[in-house]
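Subject: Structure handover

Hello,

Here is the structure you asked for. Please open it alongside this note, which goes through what was found.

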Amino acid sequence: MASPELLSAEGFRADGRRPAELRKVRARMGVFAQADGSAYIEQGNTKALAVVYGPHEIRGSRSKALPDRALVNCQYSLATFSTGERRRRPHGDRQAAELALNLRQTFEAAILTSLYPRSQIDIYVQILQADGGTYCAGVNAATLAVMDAGIPMQDFVCACSAGLADSTPLTDLSSAEEAAGGPTLLLALLPASGHIALLQLSARLHHERLEVALEAAGNACRALHALLDRVVRERLKQITAALGD
Amino acid sequence: QVWQIRLDLHLLNHDGNIIDAASIAGIVSLCHFRRPDVSVQGEDVTVYSPEERDPVPLSIHHMPICVSFAFFQQGTYVLVDPSEREECVMDGVLVIAMNKHREICTMQSSGGIMLVKDQVLRCSKIAAVKVAEITELIQKALQNDQKVRKEGGKFGFAESVPNQKITAFKMESTAVDTNNVEKQAEEIITKADPPTEVFAKPVLHTPGTAQIGEGIENSWGDLEESDKEEAAEGKEECEATAFEYQQMQSEGTSTMTETKDEPIVLSDSEEEEVVILEPQELPRKTR
C-alpha cells in the first residue's frame with residue numbers, strides 16, 4: 001500500500017532523500033546546567049529535548065521503593081507549539097501516557113537499575129517540534145541524557161522508524177510520509193546485542209515484508225548508534241579538557 | 001449526513017489475554033451488524049425501517065485478529081494466548097494483529113522485554129496459522145447464525161445460555177494419556193537422588209528467635225537497613241546492648257539473596273531505637 005508521492009521514479013523521496021537515508025542529525029549533551037543530565041537532538045525538523053534527574057531518593061510515597069533496583073519514572077510531552085495546530089494538552093492525554101509507559105519499560109530494561117536500589121531516576125522528554133519520528137527522537141535524546149547524567153546503561157537505545165513504499169523500505173519517516181497511510185514500523189534497538197527493546201507497527205504490512213522492514217529499521221538504528229557514539233565521545237573530550245585546565 | 005457506529009465492549013470474566021478476546025468479539029460483532037437500508041435521490045434521503053427493507057451489512061474489508069505472545073525468562077519461553085496466571089508472571093507480551101491474507105495489521109511489544117528479530121518473525125508465522133483457524137471459526141459461526149435466522153429457528157444470546165454454549169464457567173477436560181505413567185514414574189524414582197533430610201523441628205534459642213537447620217553462619221549483622229527495625233526488636237529480646245546495635249548499624253552491607261524472600265518492612269519511621277514493652281510480642285510489621 002503506497003502512494004506514488006512516497007518514492008519518485010528516480011528513487012528519491014519527497015524531501016530528496018534516498019530510501020535508506022536518515023535525516024540530518026544534530027545532537028548536543030549537557031544542555032542544562034541544573035539537571036543531572038540533559039540532551040538535545042534534532043532529526044531533520046523534529047526537535048526533542050530530554051532531561052534526567054537522578055538517581056535520587058524516591059519522591060512521594062516511599063512504599064513505591066523497590067528494594068533491589070531503581071524506579072524509572074518517565075514523562076513524555078509534546079509542546080503545545082510542536083504541531084501544525086496548537087495542541088491543547090502537552091501531556092496527560094492517553095497517547096502521551098502510553099508513550100511514557102513504553103519509554104519507562106524500555107529504559108528500565110536498558111539502565112542497570114540494580115546498582116541503585118530504593119532510588120528513583122526521572123526522565124522527562126519534551127518534543128519541541130514534531131515532524132515525524134517524534135517518539136524515536138525522544139528515545140534517542142533520552143539515551144544521551146541518561147549517559148550525560150552518568151547513569152550506567154547496558155547499551156545505547158537507538159530508535160528509528162521505517163516504512164514501505166511498495167517493496168522498497170524507507171527509513172526515518174517524516175510526518176508527511178507517516179500521514180500517507182502506509183505501514184510505519186517503530187523500532188528501538190540495543191545495537192551491540194541486536195535486542196529489540198520496543199517494536200510497534202501501525203497500518204497493514206504484509207507478513208513477507210516484515211523481515212525487510214525490520215532489517216531496514218535495524219540498519220538505520222545502527223547508523224544512528226554510530227552518530228550518537230561520536231557525540232558522546234566528543235562530549236567526554238570536552239569535559240575532560242575542562243577538568244584538566 | 002453519515003452513519004455513526006459505536007462498539008461497546010464489556011468484559012465479563014478476565015482469565016487472561018483480554019486483547020485477543022476483545023478483538024475477536026469486536027470484529028465479529030461488526031460483521032454481524034446490520035444497518036437500515038438507505039436510498040438517496042438527489043437531495044432526498046429515505047431511510048427504510050427493517051420491516052420495509054432488509055437491513056444491510058457493513059462493508060468489512062478484512063478481519064484483523066490479535067494474537068498475544070507472552071515471554072518468560074528473557075525470551076527462553078514463548079506462550080501463545082496466556083492465561084491470567086501466566087500473565088501475572090510473564091516478562092512481557094508481544095501482540096500481533098493479522099488478517100487471513102497474512103497481512104500484519106498492527107504489532108506492539110510491551111513489558112520491557114528484549115526481543116530478537118528471529119523471535120519476532122517466528123511469532124508472526126505462528127500468528128498467521130492461528131488467525132487462519134480463528135477466521136474460519138468466525139465464518140462458520142456467522143454462517144450458522146444466518147442460516148438459523150433464515151429458517152426461523154431460535155438464535156441469540158439468551159438461547160445459548162441453557163445450552164451452556166457461552167457464559168458457562170467451565171473448561172473442557174483434556175484427555176491425558178496415563179498408560180505409561182506408572183512405568184515412567186518407576187524410572188524417574190530409581191534415577192533420582194534420595195531427598196535431603198528435612199529439619200522439621202526448630203531450635204528455640206530465646207523467646208522470639210528460632211533456628212531451623214544448621215544453615216550458614218549467622219549473618220544477622222549484614223541485614224539490610226529496612227530490616228533493621230525487625231532485627232533490632234529481635235536483638236533486644238536477646239538482651240542486646242546499645243553497643244551491639246551500633247555495631248550492626250556500621251555494617252551497612254546488605255546480602256540481597258538472603259533478604260529477597262523475606263517480607264520487606266516498609267516504614268517511614270526514623271526511629272533509631274525501638275523499645276518493646278512485652279518481649280513475647282512478635283515484631284510488628286508495618287506496611
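**Two backbone spots in chain B**

B:Asn17 sits in the segment before α1 (18-32) of chain B. A word of caution before going on: this is a predicted model. The phi angle of B:Asn17 is near 55 degrees, a positive value in a residue other than glycine. B:Asn17 counts as buried, because its relative accessibility is 4% and the limit for buried is under 20%.

B:Asp81 is the next one to look at. Its phi is also near 55 degrees, again positive in a residue other than glycine. You will find B:Asp81 in the loop between β6 (77-80) and α2 (84-89) of chain B. Is B:Asp81 buried or partly exposed? B:Asp81 has 48% relative accessibility, so it counts as partly exposed.

**Chain B as a whole**

Chain B has eight helices and ten strands. It holds 287 residues, and 24% of them count as buried. Its accessible surface comes to about 21700 Å². Carbon and sulfur atoms hold 53% of that surface. Now take the contacts in chain B with a separation of 6 or more. Residues 24 or more positions apart account for 55% of them.

**Chain A as a whole**

Chain A has four helices and ten strands. Along the sequence they run β-β-β-β-α-β-α-β-β-α-β-β-β-α. The pattern opens with four strands and ends on a helix.

How does the radius of gyration of chain A sit against that of a compact globule? A compact globule with 245 residues would have a radius of gyration near 18 Å. Chain A has 18 Å, so the two agree. The C-alpha trace of chain A spans about 55 × 45 × 35 Å along its principal axes.

Buried residues make up 52% of the 245 residues in chain A. Chain A exposes about 11300 Å². Of that area, 50% comes from carbon and sulfur atoms. Consider next the contacts in chain A between residues at least 6 apart in sequence. Of these, 67% join residues at least 24 apart.

Charges in chain A come to 26 positive and 26 negative. The mean positions of the two sets are 5 Å apart.

**Aromatic pairs**

How many aromatic pairs does the structure hold over all chains? There are two.

One is A:Tyr53 with A:Tyr124. Their rings are 6.1 Å apart, centre to centre, with 70 degrees between the planes. The pair is edge-to-face, because the planes are over 60 degrees apart. It links distant parts of the chain. A:Tyr53 is in strand β3 (residues 46-57) of chain A, and A:Tyr124 is in strand β5 (residues 119-129) of chain A. They are 71 residues apart. A:Tyr53 is partly exposed, with a relative accessible area of 34%. A:Tyr124 is partly exposed too, at 31%.

The other is A:Tyr76 with A:Tyr135. This pair is tilted, with 55 degrees between the planes and 5.9 Å centre to centre. It also links distant parts of the chain. A:Tyr76 lies in strand β4 (residues 71-78) of chain A, and A:Tyr135 in helix α2 (residues 134-148) of chain A. Here the separation is 59 residues. Both rings belong to buried residues: A:Tyr76 has 1% relative accessibility, and A:Tyr135 has a relative accessible area of 4%.

**A cis bond in strand β3**

Which peptide bond is cis, with omega near -10 degrees? The bond runs from A:Gly54 to A:Pro55. A:Pro55 is found in strand β3 of chain A. A:Tyr53, from the edge-to-face pair, is in strand β3 of chain A as well.

**A long-range contact at A:Val231**

A:Val231 lies in helix α4 (residues 210-244) of chain A. At 18% relative accessibility, A:Val231 counts as buried, because the limit is under 20%. Which residues does A:Val231 contact, leaving aside its neighbours within four places in sequence? They are A:Ala27 and A:Met29. A:Val231 and A:Ala27 are 204 residues apart along the chain. Their C-alpha atoms are separated by 6.8 Å.

Best wishes

Terms used:
Residues are numbered from 1 along each chain as its sequence is written. Chains are lettered from A and ligands numbered from 1 in the order in which they are written. This is a predicted model: local features need pLDDT of at least 70, side-chain atom pairs count only at pLDDT 80 or more; totals for chains, interfaces and linings use all residues. Side-chain values use heavy atoms; hydrogens and water are left out. Rings of Phe, Tyr and Trp (its six-membered ring) pair if their centres lie within 6.5 Å; planes under 30 degrees apart count as stacked, over 60 as edge-to-face and the rest as tilted. Buried means under 20% relative accessible area, exposed over 50%, partly exposed in between (1.4 Å probe, protein chains only). The radius of gyration is taken over C-alpha atoms; the globule rule is 2.2 Å times the number of residues to the power 0.38. Contact means heavy atoms within 4.5 Å. Accessible areas come from the Shrake-Rupley method with a 1.4 Å probe; for residues, only the protein chains shown count as cover. Lys and Arg count as positive and Asp and Glu as negative; His and the chain ends are not counted. The place of a charge is taken as NZ of Lys, CZ of Arg, CG of Asp or CD of Glu.
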